[in-house]
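Thanks, everyone. I have one structure to go through today, and I will keep it short. Please have a look at it first.

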Amino acid sequence: MPAVIIAAAGAAGLAAAGAYQYFVATQLNEAVVSNPPAPTSPEAEKSGRAFVMHETPQAVPELSFVDGEGLEMSLADFRGKTILLNIWATWCVPCREEMPALDRLQAKLGGSEFEVVPLSIDRKGLPAVEAFYQELGLKALGIYVDASSKAVGKLGAVGIPTTLLINPDGLEAGRLVGPAEWDGPEIIEILEQQLKKTAGEAD
């Protein structure tokens with residue numbers, strides 16, 4: 001099924017920073033990309049600022065990670081709510097720059113129906129992420145860490161940040177490649193439309 005590309009305005013500073021930090025999958029000990037993303041237009045990939053909304057939601061592979069208490073979790077633990085799964089790392093410059101906006105987004109929309117899930121792939125694990133949160137004063141976001149970095153290959157991400165919009169059934173409703181102004185009006189509108197759609201389907 002074709003995907004619908006919705007332009008989303010990103011911060012100028014993020015775009016100037018290069019928009020997307022690429023890396024080779026084998027550098028993360030993940031040689032196989034098991035679930036490649038839906039194709040996007042060259043314009044969307046170049047800008048790194050377009051939400052690709054799938055006409056038919058796609059299956060998402062199961063991911064294992066730990067929370068801020070070091071407890072094992074998986075995406076199944078979020079079933080029943082819409083989540084924005086953001087794959088990031090403390091060493092990724094665009095990721096670092098967009099995290100405050102993700103924190104503000106969680107503070108604005110987070111609740112029983114929606115949650116921002118920032119999944120760090122830092123090899124140094126919880127200590128590195130906790131220090132980063134403290135450095136930036138992030139308060140609303142939860143801490144989630146995949147120190148194995150396997151999430152990258154499983155999700156078919158060729159760089160970070162990569163962000164998936166996952167519906168309450170655990171299916172990928174959309175994807176955004178690169179950083180974005182997550183608390184900006186365009187993104188908020190997209191997310192609120194998705195939440196209204198989900199609520200309508202549940203009625």
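I start with a single pair: Val 66 has Glu 72, in strand S5, as its bridge partner. Bear in mind that this is a predicted model.

The strands around that pair are S4, residues 64-67, and S5, residues 72-74, which run antiparallel and are paired over 3 bridges. Together S4 and S5 make a hairpin, with 4 residues between the two strands. In the turn sits Gly 70, with a positive phi of about 80 degrees.

S4 has another partner as well. Strand S8, residues 144-145, pairs with S4 in the antiparallel sense, over 2 bridges. There, Val 66 stands opposite Val 145 of S8.

Now the protein as a whole. DSSP gives 6 helices and 11 strands. There are 203 residues, and 51% of them count as buried. Take the contacts between residues at least 6 apart in sequence: 78% of these join residues at least 24 apart. The exposed area is about 9,400 Å², with 54% of it supplied by carbon and sulfur atoms.

Last, the pockets. The largest one has a volume of about 220 Å³. It is lined by 14 residues, and those closest to its centre are Met 53, His 54, Ala 173, Gln 194 and Lys 197.

Which element gives the most to that lining? Helix H6 does, with 6 residues. H6 spans 185-202, and strand S3, 50-59, also supplies at least two lining residues. By type, the lining of the largest pocket divides into 5 nonpolar, 5 polar and 4 charged residues.

That is what I have.

Definitions and conventions
Residues numbered from 1 in each chain as written. Predicted model: local features only at pLDDT ≥ 70, side-chain atom pairs only at ≥ 80, totals over all residues. Heavy atoms only, no water. Pairing = 2+ DSSP bridges. Buried < 20%, exposed > 50% of the residue type's maximum accessible area, 1.4 Å probe, protein only. Contact = heavy atoms within 4.5 Å. Areas by Shrake-Rupley, 256 points an atom, 1.4 Å probe, with all protein chains shown as cover. 1 Å grid on protein atoms, 1.4 Å probe; cavity = no way out; pocket = protein on both sides within 12 Å on 5 of 7 lines; lining within 4 Å. Points joined across faces, edges and corners; volume = space filled by probe spheres on them. Nonpolar A, V, L, I, M, F, W, Y, C, P; charged D, E, K, R; others polar.
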